[in-house]
Amino acid sequence: MTIENTSQNKVFGGWHKQYKHQSRVLDCEMRFAVYLPADATFESKVPVLYWLSGLTCTDENFMQKAGAFRKAAELGITIVAMDTSPRGDDVADDDNYDLGKGAGFYLNATEAPWSRHYHMYDYVTKELPEVIEKHFPVSDIKSIAGHSMGGHGALTIGLKNQEMYRSISAFSPITNPMQCPWGQKAFRAYLGNNTENWKQYDACELLKSANSSLPILVDQGDADDFLSEQLKPELLLHAAKESGSEVELRMQSGYDHSYYFISSFIDDHLAFHARYLFS
């Protein structure tokens, strides 16, 4: 379980560091980034917020565009951002942006050729936390957040592993992938045609079948071009109401799907998570 530091930058008294390592579960080299606030030491470990990015992104999109470091430093939270899929010359890919590299959908693929590498669910829930907790001054207290496809990942992973996390948040999440073009295309390729197998990676289906004990915050811009066809936040609220789960949906007037939107409200999300990470 060795990691290699490839870059680092001091910011707000802490450090943004980028690493690469050989992933067992993905069978390829992976990259991730960590923001460590100044008060993170092995004598005083801090909690972690795991960030899952959206289609076509890498660890760099959030770390460079979200403007999260000032608030994370103030609160004493480490942030971990990872790539959105396995990478490498021998990793299966597709010509379109919404399948293959950059589009792992945070699931464990069961269909060839995807099943060899595309196990992002296991990477997020098992391997990467082991790496982070071994090599960095962090505790095992963690929350999870994400954007778009990563919002889908944060919701589903958090709901399926409620004992692992303190809270969940998402910007513009794909809430019901079984009922939208992005999700249907990815699920059919990665999981096959049996839609019963899709339900384990659909936040609405997960909420319908089990109550969430975790607080959930969702921000959604009402000027998002993907709102009605791909994201469908109203279906998440409906599923939460059915199960009696705590989901706060904030519709933000005039905001789109971009990191301009995320940077406008990221401080709110960090403060939201801090309430539970330090409680």
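This report describes two residues and the nonpolar cores of a predicted model.

**Two residues**

Thr2 is found in the segment before strand 1, which covers residues 3-11. Its relative accessible area is 68%, so Thr2 counts as exposed, the cut-off for that class being over 50%. Val48 lies in strand 4, residues 46-52. Here the relative accessible area is 1%, and Val48 is therefore buried, a class that requires a value under 20%.

Each of these residues can be paired with a residue far along the chain, with the C-alpha separations given below.

| Pair | Separation in sequence | C-alpha to C-alpha distance |
|---|---|---|
| Thr2 and His269 | 267 residues | 32 Å |
| Val48 and Tyr276 | 228 residues | 11 Å |

Leaving aside residues up to four places away in sequence, Val48 touches Thr78 and Val80. Val48 also touches Val138, Ser139, Ile141, Lys142 and Ser143, as well as Leu277, under that same exclusion of residues up to four places away.

**Nonpolar cores**

The largest nonpolar core holds 67 residues. Within this core, the residues that touch the most other members are Phe32, Phe105, Ile132, Ile144 and Tyr190. Helix 3, residues 120-135, supplies the largest share of the core, with 7 residues. Another core lies apart from this one and consists of 24 residues. Among them are Ala72, Ile77, Tyr259 and Ala274.

Methods:
Residues numbered from 1 in each chain as written. Predicted model: local features only at pLDDT ≥ 70, side-chain atom pairs only at ≥ 80, totals over all residues. Heavy atoms only, no water. Helix = DSSP H or I, 4+ residues; strand = E, 2+ residues; numbered from the N terminus. Buried < 20%, exposed > 50% of the residue type's maximum accessible area, 1.4 Å probe, protein only. Core = buried A, V, L, I, M, F, W, Y, C linked by side-chain atoms within 4.5 Å. Contact = heavy atoms within 4.5 Å.
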